[in-house]
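Dear colleague,

I am passing on the structure below, followed by notes on what was found in it. Please read the notes with the coordinates open beside them.

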Amino acid sequence: MPNSIHVLPVHIANQIAAGEVIQRPSSAVKELLENAVDAGATDIQLVIEDAGKSLVQVIDNGKGMGAEDAVNCFQRHATSKIGEIEDLFRIKTMGFRGEALASIAAVAQVALKTRPHDQELGTAIELENSVITSTASCACSAGTSISMKNLFFNVPARRNFLKSNTVELRHITDEFLHVALAFPEVSFSMTSNGQESYHLDKGTLKQRIVQVMGNSYASRLVQVEEKTDYLNVTGFIGKPDTARKTRGEQYLFVNRRFIRSAYLNHAIVTAYEELLPQGSFPFFVLFIELDPAHIDINVHPTKQEIKFDDDKIVYAFIKSAIRHALAQFSIAPALDFELDPSIQQLDAVSKPFTADQQQQARSGGLYKTFVDRHQAHRIESSSNLKNWKDFFETAPKETSAQQGDLEGLTVTAPMDSPPLHSCLHVQKTYIVTEAADGVRLIHHQLAHQQILFEKFNKAWEGAPIPIQRALFPQAIHTAPSDEQLLESIRPDLLQMGYELESFGKNSFLLNGTPADHPNENSAAIIEMILEDVKDATSKLHSAYRERIAKALARKHAVRPGTSLTATEMHSLVEQLFNCKQSKIHFDGRPIYMQIGNQQLYDVFGS
Ligand code: ADP
Ligand code: MG
């Protein structure tokens with residue numbers, strides 16, 4: 001019997017190994033773009049022919065290679081990026097295995113031209129089947145150009161496995177965008193069959209996102225920025241009303257490397273919680289940065305998966321970073337609330353995230369406690385992590401005899417109803433109260449807003465808000481273009497207690513206002529609602545209604561710095577815990593903080 005085991009010829013073995021690294025044209029795109037970034041390029045051009053099947057070329061203005069490196073870089077495990085094994089744990093560059101160029105050279109025809117900036121002449125090298133077929137000095141621009149031609153020309157079985165041009169080009173575009181989004185300080189272009197499909201100037205991340213996704217994103221982004229010694233999370237997320245039915249526009253990077261992680265995606269999506277319509281996916285471009293020693297990027301050959309030392313911390317941190325960001329965006333209108341409506345329409349006012357607004361948002365004491373810098377350090381051990389999660393997860397829902405009382409806070413409770421808990425008002429902003437398993441610190445404004453929001457939302461379901469008829473109806477004038485819109489939300493406003501009558505010529509009369517919520521400036525409220533609804537990107541009626549309910553809740557809730565009587569506090573606490581959603585405010589912030597008995601015990605030991 002002839003021997004059936006034999007050693008594979010080297011070039012076949014190489015082709016098999018190469019096939020793991022370069023599975024399709026887009027794998028070469030990723031590797032070549034990453035090499036260009038690693039080489040410090042500030043301008044990178046990607047040229048594609050025939051969906052990369054006949055040509056993938058990357059031209060960069062990076063540091064280039066000398067004649068010797070130009071030859072060596074095609075050897076397997078040739079890399080300038082790792083010296084010793086310890087380096088493996090401190091990788092900061094994109095590539096490090098020294099496999100990409102060797103693999104490309106094993107499965108395609110390759111042409112390299114490269115020149116370091118301080119040398120006059122460059123080097124031109126051609127290879128086929130891993131073998132150098134020509135080397136020459138050449139005049140070329142500083143930097144590197146690598147062309148990969150006729151991928152799998154020598155491995156027909158693999159070539160046959162490539163998908164249609166549309167599919168392969170889609171993969172290439174994905175890889176291109178992953179790198180382009182991660183490095184906004186580098187200019188990129190992509191040309192396919194002679195047509196430029198992307199031309200991305202260098203700029204800020206926000207500019208890059210807008211360039212890639214389109215101008216409409218400019219006003220739809222919420223900035224995320226949380227930094228600690230352990231971990232940074234930065235980037236942009238889409239406002240809730242920009243969520244899509246498909247998962248497409250989600251970009252997560254760890255140390256600027258694009259990754260896929262169902263686990264971390266889950267953290268992001270749950271942070272939006274009830275802000276997102278069912279079955280829709282938020283847009284995000286998020287960067288996690290942490291010491292490479294805490295991650296292992298070797299888990300997956302194409303390096304899109306990642307393992308963290310402690311992924312629960314990363315999960316909790318991302319979730320709170322997103323919540324914080326969402327809260328800041330939603331809080332903005334509330335901060336501007338007292339402004340004249342004509343001022344509110346100004347861009348500078350209606351767009352959130354000015355440094356001032358962020359400052360104001362941050363100074364809200366409650367969430368300082370949970371989004372403070374260095375917070376990650378407090379959740380280092382898994383037992384602490386549990387407490388951290390309690391902020392979000394524990395919300396004992398108490399039912400009580402006073403259930404269903406959704407009257408305004410000023411209504412006095414019957415004298416004989418004994419208080420359930422003793423309440424203490426702190427800084428005219430927080431209510432400290434006893435809970436079954438500990439102590440709660442409730443932000444009175446957020447609590448009241450949530451109560452009112454749910455109350456107004458209920459009004460849609462057939463419990464209209466009682467109306468107080470006006471003795472002297474106020475006139476409301478709208479811009480001609482807004483008349484139609486106000487007319488269309490008139491029935492909704494009526495449910496909310498605002499009775500408007502069309503008066504012709506862009507005018508309306510306000511005949512009645514909510515009886516429970518007297519406010520002299522009802523006309524301004526209507527105008528504010530109109531502005532808010534106008535901004536809604538979703539023209540769905542339900543989206544209008546929700547905005548109206550939120551706007552009214554913000555307008556009518558008690559503000560920080562207001563004194564509350566004991567009865568008002570009790571009523572507020574009772575109503576809060578009769579809410580459907582009593583722990584998280586509709587704009588994403590926690591409404592109260594809880595210190596559990598166990599935590600008290602941990603601290604005091606008895
Ligand atoms: P790795 O990137 O993992 O080191 P590669 O096979 O991708 O391995 O590249 C091998 C080496 O070739 C790199 O370490 C680098 O020194 C050099 N190199 C590759 N591409 C470029 C480039 N565009 N500009 C300068 N040097 C490059
Ligand atoms: Mg590389």
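Strand E10 (residues 231-238) and strand E13 run antiparallel and are joined by seven bridges, where strands and helices are DSSP runs numbered from the N terminus, a strand (E) having at least two residues and a helix (H or I) at least four, and where two strands count as paired if DSSP finds at least two bridges between them. This is a predicted model, in which local features need pLDDT of at least 70 and side-chain atom pairs count only at pLDDT 80 or more, while totals for chains, interfaces and linings use all residues. Residues are numbered from 1 along each chain as its sequence is written, chains are lettered from A and ligands numbered from 1 in the order in which they are written, and side-chain values use heavy atoms, with hydrogens and water left out.

Within the pairing of E10 with E13, Val233 has Ile288 as its bridge partner in E13, and Thr234 stands opposite Phe287 of E13. Strand E11 (residues 250-254) also pairs with E13, in this case running parallel over five bridges, and here Gln250 stands opposite Phe284. Strand E13 itself (residues 284-290) is mostly covered, six of its seven residues being buried; buried means under 20% relative accessible area, exposed over 50% and partly exposed in between, with a 1.4 Å probe and protein chains only.

These strands belong to an open sheet of five strands with mixed pairing, in the order E9-E10-E13-E11-E12. Strand E9 (221-227) and strand E12 (257-259) stand at its edges, and each has a single partner strand, so one side of each is left without a neighbour in the sheet. On average, and with direction ignored, neighbouring strands of this sheet are turned by 20° against each other; axes are lines fitted to C-alpha atoms, for helices over the stretch in contact, and angles run from 0 to 180 degrees between N-to-C directions. Helix H6 (residues 165-182) lies across E11, E12 and E13, and runs at about 60° to E11, contact meaning heavy atoms within 4.5 Å.

Helix H6 also packs with helix H2 (residues 25-38), at an angle of about 20° and with the axes 8 Å apart. H2 and H6 are therefore roughly parallel to each other, given that angles under 35 degrees count as roughly parallel, over 145 as roughly antiparallel, 65 to 115 as roughly perpendicular and the rest as oblique. Their crossing is right-handed; a crossing is left-handed if the near helix is turned anticlockwise from the far one by less than a right angle, and right-handed if clockwise. The contact is made by Pro25, Ser26, Val29, Lys30, Leu33 and Val37 of H2 and by Glu168, His171, Ile172, Glu175, Phe176 and Val179 of H6.

A second helix pair is formed by H1 (residues 10-21) and H4 (residues 100-107), which pack at an angle of about 120° with their axes 8 Å apart, and which are therefore oblique to each other. H1 passes H4 in a left-handed crossing, and the residues in contact are Asn14, Gln15, Ala18 and Val21 of H1 with Ala100, Ser103, Ala106 and Val107 of H4. Glu20, also found in helix H1, is partly exposed, with a relative accessible area of 43%. Glu20 and Ser103 are 83 residues apart in sequence, and their C-alpha atoms are 8.6 Å apart in space.

Further along the chain, an open sheet of four strands has antiparallel pairing and the order E16-E17-E18-E22. Strand E16 (423-426) and strand E22 (592-596) stand at the edges, each with a single partner strand, so one side of each has no neighbour in the sheet. Strands E17 (residues 430-435) and E18 (residues 438-443) pair in the antiparallel sense over six bridges, and Tyr430 stands opposite His443 in E18. Helix H20 (residues 566-577) packs on this sheet, touching E16, E17, E18 and E22, and its direction makes about 100° with that of E16. H21 packs on the sheet as well, touching E18 and E22, with its direction at about 60° to that of E22. Helix H21 (residues 597-604) is hardly covered, for the count of buried residues among its eight residues is zero, and it is followed by Gly605, whose phi is positive, near 75°.

For the chain as a whole, the secondary structure comes to 21 helices and 22 strands, and buried residues make up 50% of the 606 residues.

Best regards
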